[in-house]
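Below is a short note on the model, set out as numbered points. It deals with charged pairs, helix packing, the nonpolar cores and two buried residues.

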Amino acid sequence: MPFYDSENFSETRREQNEKAALRKNVKMKSPFSTPFGAIFQNEVRLNSKRIAPYFMALLCAGNALLWWGWGPATGHGWAVNADFFIAGVLPVYSFLTLPLFTALFMADPILKDFRAGIDPLIFSKPISRSSYLLGKFFGNFFVLACCQSAFVLTSFVLQAVSKQGVITQDWKVFPYIKHFLVFVVISHLGLAAFYFAVGVLTRNAKIVYGLGVAFYPLYIAYQTVLLSSLPWRWKLALDPLAMNRGGKFHAISAEVMNHLVVVYDTDLIVNRAVMVLLAAICLTIIYVRFTIAERPRKVEELSVLNLTEGAGGLYYDPPSTEPTLGERFEPDHSRDKVLLPSVTRATAGARAHLQELLAALGVELRLLLSERSLVVIMPLAIVFSTLDVAFWSVAPEPSFSAAYAGHTANAMLLFLLGITIFYSVEALHRDREHKIEPLLWSQAAPNYALLLSKFLATLVLTFGLIALVGLITIALQLLKHNGPVELSAYLGIYSIILIPNAIFLAATVIALGVVLRDRYVTYVFAIGLCAGLFYLYSQGHNGWLYNPLLFQLWKYSDLTGGGSRIVQILAQRIHLIAIAMVCLSLAHLFFRRPSNRGLLKHRRLTSSGWPIVLLFVSLAVATVAGLLVGVL
């Protein structure tokens, strides 16, 4: 008869049941549930709250719009969605627009953790060094690639839009994805890894920004000095951005090129593999050299003070000022006549209101200048606004100064739109995002100071851009020896065209941000409105009253020729300024912070009364000026 150990048998049976339950409940672990996935998602969320990704996406979409409707394809008979055209445009787009933004995204993903002092908290978690570094890198690079893809997405959508002079073939999808990955993503993968490595190892974002700015002269010198003297195959193999591949298409007729299919040869495949390998080498160097400790700093020398009590000293016993017992009961006749100081209201008057506004404006300007995206966006705006007059010949229409000022005024329009939209919306929602809005509203600051300071800060930024572009344009005109500089031409175009446009844009975006009360809804509405209007303008619907920025409606001769044309332009500018005042009044009235109710208090207009009066006056001026524009 067999013998069974009941205790051992029950333990074995329990272990088998537990293993069976574990096998039954085992599931595949999601990549987003790992430490790498958590860091990746966190970087994407952080970038979604920054202004730079949205501005970059808008700039890339605008670039695609220019290549579609006003690029070289319209003059050569090329189809804008042909395979060769997509492959030829993307490397140029990758060089002109993206290197500075790559430096912006990759400068300090690691540094900001150490700067904020949360690195001990992060590294106290069960997270490996590779997960931390790769999550930071690929999270930011994913956002960068999404912003870059705005170019191909816009080009893809524009296949459905017809325009005179633009040739479009049948709908295509795969060439956009294939060429974007090969010519843009892989090129900037190596560049992003290099910038990321410099930022991590030096922990200095300014060095990365300097390298981003220096990329252009270094790359141009590399192309002209080294690659220009090499055979064609070496030029293709050693070009990191693959810009030299488009040169051989210009000798082919448009009929052949519109049906040409681009095939990647061995040179390009090796080139792309080398770029991926360089990115892997940079990440490996980071992994080997990265430490979670702070950099050693110079320890300040300490001075030891001897605090022991001295052996001797001088003592002074001041006389007592307390009244004696007899003095306390004697009448004090000195208090019979006392001159009281005059008391005035320190917060009344225009001077006090102006001081409050200037104080709030100073805070907004400091916060605006602390935006690290300005390091990239402002130089990029200046470069692209002056690119046309710097590298191409300018015809004197009617003078060189008028032509230079007119070209830069038209080129700045896109940047004025983008800078005004994104920085105004961010300024409106910055306080709520950092959870200091209740503290700010508890202060004795009027509503107009909180709103106008954000409006004026955006104006200071746009006016600074206009002034810098104007000075650089004058310098370029002198360097190219294109006649005498006429300051009246620059002042006339900038003051009549650009400055009213900047005021109108800032006021409109402030009003939209206050009324819509959501950052992303404001972005979508503002960008969609601009895109819809520009589409109408491209189709010939170019009326004066629904073209507030006078896009393609003015010439320099209209500003100086006199007659009804200049009167119509000035009336339209007055109409535009009046609409801006209407927007500011509505923003003040719809502002969520509680304010004084009623129009009058102590026979004076309250903070709610002044905006209503300004609203009706501005509406009257806008109506009269609009009727004058329609009549003329």
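**Notes on the predicted model**

1. A network of salt bridges links E43, K112, D113 and K136. The model is a predicted one, and a search of the whole structure finds six salt bridges.

2. Within that network, the side chains of D113 and K136 meet in a salt bridge, with N to O at 2.7 Å. D113 belongs to helix α7 (residues 111-116) and K136 to helix α9 (residues 129-148), so the pair ties together parts that are 23 residues apart in sequence. D113 has 5% relative accessibility and therefore counts as buried. K136, at 3% relative accessibility, also counts as buried.

3. Another salt bridge joins the side chains of K454 and E364, at 2.9 Å from N to O. K454 is in helix α21 (residues 447-479) and E364 is in helix α17 (residues 350-369), so this pair ties together parts that are 90 residues apart in sequence. Both K454 and E364 are buried.

4. R519 forms a salt bridge with E426, and their closest N and O atoms are 3.3 Å apart. The pair links distant parts of the chain, with R519 in helix α23 (residues 519-538) and E426 in helix α19 (residues 400-433), 93 residues apart. R519 counts as buried because its relative accessibility is 9%, under the 20% cut-off. E426 is buried as well, with a relative accessible area of 7%.

5. How do helices α6 and α18 pack, and at what angle? Helix α6 (residues 99-106) and helix α18 (residues 374-391) have axes 9 Å apart and an angle of about 170° between them. Angles over 145 degrees count as roughly antiparallel, so α6 is roughly antiparallel to α18. On the α6 side the contact is made by L100, F101 and L104, and on the α18 side by V376, I377 and L380. By class, this contact has six nonpolar residues, no polar ones and no charged ones.

6. The largest nonpolar core has 144 residues. Those with the most contacts inside this core are F85, L90, F101, F151, F290, L465 and Y494. F101 thus appears both in this list and in the contact of α6 with α18. Leaving aside residues up to four places away in sequence, F101 touches V376, I377 and L380, and also F55, M56, L59 and L144. A second, separate core has 17 residues, including F455, L459, A502 and I510. In soluble globular proteins, nonpolar side chains tend to be buried together.

7. S187 is placed in helix α11 (residues 174-202). Is S187 buried or exposed? Its relative accessibility is 1%, so S187 counts as buried. Not counting residues up to four places away in sequence, S187 touches S94, V182, P240, L241, R272 and M275.

8. T522 lies in helix α23, the helix that also holds R519 of the salt bridge with E426. T522 has a relative accessible area of 1% and is therefore buried. Apart from residues up to four places away in sequence, T522 touches V425, L512, G513 and L516.

Definitions and conventions:
Residues numbered from 1 in each chain as written. Predicted model: local features only at pLDDT ≥ 70, side-chain atom pairs only at ≥ 80, totals over all residues. Heavy atoms only, no water. Axes fitted to C-alpha atoms, helices over the stretch in contact; angles between N-to-C directions. Helix = DSSP H or I, 4+ residues; strand = E, 2+ residues; numbered from the N terminus. Parallel < 35°, antiparallel > 145°, perpendicular 65-115°, else oblique. Contact = heavy atoms within 4.5 Å. Nonpolar A, V, L, I, M, F, W, Y, C, P; charged D, E, K, R; others polar. Buried < 20%, exposed > 50% of the residue type's maximum accessible area, 1.4 Å probe, protein only. Salt bridge = Lys/Arg side-chain N within 4 Å of Asp/Glu carboxyl O. Core = buried A, V, L, I, M, F, W, Y, C linked by side-chain atoms within 4.5 Å.
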